[in-house]
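Trainee: I have a structure open and would like to learn how to read it. Where do we begin?

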Amino acid sequence: MGHRHMHRFHSISVITSLFVFWLVLSGYFTPFLMSAGLVSCVLVVWFAHRMSVIDQEGHPLALRGGVVSYWPWLIVEIVKSAWTVSRIIMHPRLPISPTMMRVKMTQTSSVGQVMYANSITLTPGTISVAIEGDEILVHALTQAGAEDLAGGEMDRRVSTCEDRA
């Protein structure tokens, strides 16, 4: 497949991804609004290409392989963490043990690193403070939450998404 065809496929897949995302968020399926949404997506991609702000790494399908299994796992982890944090907040003694820690990243792409840092922040009780080299500085509400993160399961799952790209 030539460079021109790859560029065209890239543009079409970005437009399609944006349009599907727009449809899911809008919830309106009238012909006028769907046409307006599609035109908006085409214009956004056209402007982004003219500004040279779209690259292969930021492609919405770049992490396609592992994302199918990663998102359901992350949602379960978010719910479990939210339950744990809620129990801690409701406890009369408020048993927290705030801690800062550095977590090693095995991701090699900036998309993988950002995905990992954002996943940490999405999980209640932990927040990514900074990315420094191959480590993320993380604040955890409890020592147990920090130890779970240090176990590396989330890192392995994000790396699996990245490896399948």
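Mentor: Start with charges. How many salt bridges does the structure hold?

Trainee: I am not sure. What should I look for?

Mentor: Side chains of opposite charge can pair when their charged atoms come close. This model is predicted, and it holds 5 salt bridges. Take one of them: lysine 80 pairs with glutamate 77, with the closest N and O atoms 3.0 Å apart.

Trainee: Where do lysine 80 and glutamate 77 lie?

Mentor: Both are in helix H3, 3 residues apart, about one turn of the helix. Here is the general idea. An α-helix has 3.6 residues a turn, so residues three or four places apart point the same way.

Trainee: Is lysine 80 buried or exposed?

Mentor: In between. Lysine 80 counts as partly exposed because its relative accessibility is 47%.

Trainee: Which residues do salt bridges join into one network?

Mentor: Look at helix H6. Glutamate 153 bridges to arginine 156, where the closest N and O atoms are 3.1 Å apart. These two sit 3 residues apart in H6. Glutamate 153 also meets arginine 157, at 2.7 Å from N to O. That pair is 4 residues apart in H6, again about one turn. Shared partners thus link Glu153, Arg156 and Arg157 into one network. Arginine 156 is partly exposed at 45% relative accessibility, and arginine 157 is partly exposed at 29%.

Trainee: Now the inside. Which residues touch the most other members of the largest nonpolar core?

Mentor: That core has 18 residues, and those with the most contacts to other members include Tyr70, Tyr116, Ile120 and Met154. Elements giving two or more residues to this core include helices H3, H4 and H6, and strands S1 and S3. The largest share, 4 residues, comes from H4.

Trainee: What does tyrosine 70 touch?

Mentor: Leaving out residues up to four places away in sequence, tyrosine 70 touches Met115, Ser119, Met154, Arg157, Val158 and Cys161. So Arg157 turns up twice: it contacts tyrosine 70, and it bridges to glutamate 153.

Trainee: Which residues of H4 are buried?

Mentor: Among them are Met115, Tyr116, Ser119 and Ile120. H4 has 13 residues and spans 18 Å from first C-alpha to last, close to the 18 Å expected.

Trainee: And the surface? Which residues make a nonpolar patch there?

Mentor: Val39, Leu43, Trp46, Phe47, Met51 and Val53 make one of about 630 Å². Valine 39 lies in helix H2 and is partly exposed, at 48% relative accessibility.

Key
Residues are numbered from 1 along each chain as its sequence is written. This is a predicted model: local features need pLDDT of at least 70, side-chain atom pairs count only at pLDDT 80 or more; totals for chains, interfaces and linings use all residues. Side-chain values use heavy atoms; hydrogens and water are left out. Patches are made of residues with over 30% relative accessible area and no salt bridge: like charges are joined within 9 Å, nonpolar side chains (Val, Leu, Ile, Met, Phe, Trp, Tyr) within 5 Å. Accessible areas come from the Shrake-Rupley method with a 1.4 Å probe; for residues, only the protein chains shown count as cover. A salt bridge is a side-chain nitrogen of Lys or Arg within 4 Å of a carboxyl oxygen of Asp or Glu. Buried means under 20% relative accessible area, exposed over 50%, partly exposed in between (1.4 Å probe, protein chains only). A nonpolar core is a set of buried Ala, Val, Leu, Ile, Met, Phe, Trp, Tyr and Cys residues joined through side-chain atoms within 4.5 Å. Contact means heavy atoms within 4.5 Å. The expected span of a helix is 1.5 Å times one less than its number of residues.
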